[in-house]
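Dear colleague,

Please find the structure below, handed over for your own inspection. My notes on it come after.

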Amino acid sequence: PRMLVRRTVFAAVVLAAPAAALPLQVKPRGGALWGVQKDGVVSFTGIPFAQPPTGDLRWRAPRPAAPWKGVRDAGQFSASCTQRIVDVLKPWTYEFMTHTSVSEDCLYLNVWSAAASPKERRPVFVYIYGGALTSGSGAVPVYDGAGLAKKGLIVVTFNYRLGRLGFFGFPALSAEHPDEPKGNYGLLDQIAALQWVKRNIGAFGGNAANVTVAGESAGALSVMYLMTAPAARGLFAKAVAQSAYMVSAPALRDRVNGMVPAEEQGSDLAAKLGATDLAALRALPAETIADKVPTTGYFPFPAIDGKTVPRQLVDSFDRGEQAPVPILAGFNSGEIRSLRFLLPKPPADAAAYEAAVRAGYGEFADMFLARYPAKTIDESMLAATRDAMYGWTAERLVSDQAAAGKGAYFYLFDHGYPATQEWNLHAFHASELPYVFGTASRTPPLWPKIPDTLAERKLSEAMGDYWASFAATGK
């Protein structure tokens, strides 16, 4: 309705009003911090929110960070969590690659604020990076929070454990501390970061009662897990899921949905790493685990442990057990153009394509072929795979929250520009992020270069306003 559109735009304009920046020194719980001021925004980077998960704390729930004396320099990003460093960078992978050193000592977060004083209570936007739960960092330049901070938000990014250091089931781990949650250490890090925000964001001018948790790709997958995690309930008031994918997870011990249990995977993985007991596994260098695990055939994923992950995501949403919060969710029209490894093997010709569809879809085959016709096999396969993973999930999230009586907003990002058209990457996976964060000038050399034109700037300004308005008001 026209009135709603006008009201939303007005809210965005109000949010964008300039303000004097915070003092360079703030004092959250734990100790005082020095920040860095630039263009009216103060950034505080490399703030510890948990103890280093090293030694006996590897594969344990995170412990609160130790307090410090004096004033801590918060002018540099921390190391990113240990991950396999890939030499060959492509446009669609760079967004997920760390730009700092890597270490197990990585549980740090970053805050951007343009609040005039800690007495302000601005809405908080906590962003979770993507990267298939195997790579990524809160320090990636595309996620720079200054642009959204200028629109009135307090922006937070953080690191969480990745790969098998973050998602690992093993029988000895379950026996070691039977009352602790198991297997989902990366998700527990995310919850710990949100708990830190709840305790401390007021020192930066933020409102702990108005937190939006957001993420893209694996970050959006994480948002869904946080929506269903009992320990995360009450830590956020709204959710943003960009290119989320609601897929099945293995159980910790039981064989469900034809999937190998996480503990059985862990035992087999340990044997392949030549470390069959917990002490030997903890003695392995983190870099060895990150480098060797991808060659074993096991992919890290959350496990249904009955605590952090109570059951399959789809079952939790079917039961209406997810957090009753407003949601903004959507996907990109060209998701699979940069993720072609997700495609099944293409059939030899149109006849083979139609035969495969009829064999697989039975009475629904005609409906499928009408939407994804055999005359354009490549485009049809790109669209069908996109809709099966990302489209269905986004529509499901929005319809479920709407049915629960919560604000629910659906978007489709269908934007291209000369470089994406030239590379056949129209609206590729993650291509909306520079527009949301206002970081088009901070994309890397291999990213299809966004032209510095009025139209591109206006699109980015509008998207940032929509996201900021939703984070502030739920509209």
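What follows is a short account of the cavity, a surface patch and one loop residue.

Please keep in mind that this is a predicted model.

Cavity. I searched the whole structure, and one cavity of 30 Å³ or more turned up. The volume of this largest cavity is about 50 Å³. Its lining consists of Pro 53, Cys 81, Thr 82, Ser 103, Glu 104, Cys 106, Arg 161, Leu 162 and Leu 165. By residue class, the lining splits into five nonpolar, two polar and two charged residues. Glu 104 and Arg 161 are among the lining residues, and both count as charged.

Surface patch. Leu 24, Trp 34 and Val 71 together make a nonpolar patch of about 240 Å² on the surface. Of these residues, Trp 34 belongs to strand β2, which covers residues 32-34. Trp 34 has a relative accessibility of 40%, so it counts as partly exposed; that class runs between 20% and 50%.

Loop residue. Ala 66 sits in the loop that links β4 (41-48) and β5 (71-73). Is Ala 66 buried or exposed? Ala 66 is exposed, because its relative accessible area is 52% and the class requires over 50%. Along the chain, Ala 66 and Ala 203 are 137 residues apart, and their C-alpha atoms are separated by 18 Å.

Regards

Conventions:
Residues are numbered from 1 along each chain as its sequence is written. This is a predicted model: local features need pLDDT of at least 70, side-chain atom pairs count only at pLDDT 80 or more; totals for chains, interfaces and linings use all residues. Side-chain values use heavy atoms; hydrogens and water are left out. On a 1 Å grid over the protein atoms alone, a cavity is a set of points where a 1.4 Å probe fits but cannot get out, and a pocket is an open set with protein on both sides within 12 Å along at least five of seven lines; lining residues have an atom within 4 Å of a point. Grid points are joined across faces, edges and corners, and a volume is the space filled by probe spheres set on the points. Patches are made of residues with over 30% relative accessible area and no salt bridge: like charges are joined within 9 Å, nonpolar side chains (Val, Leu, Ile, Met, Phe, Trp, Tyr) within 5 Å. Accessible areas come from the Shrake-Rupley method with a 1.4 Å probe; for residues, only the protein chains shown count as cover. A salt bridge is a side-chain nitrogen of Lys or Arg within 4 Å of a carboxyl oxygen of Asp or Glu. Helices (H or I, at least four residues) and strands (E, at least two) are DSSP runs, numbered from the N terminus. Buried means under 20% relative accessible area, exposed over 50%, partly exposed in between (1.4 Å probe, protein chains only).
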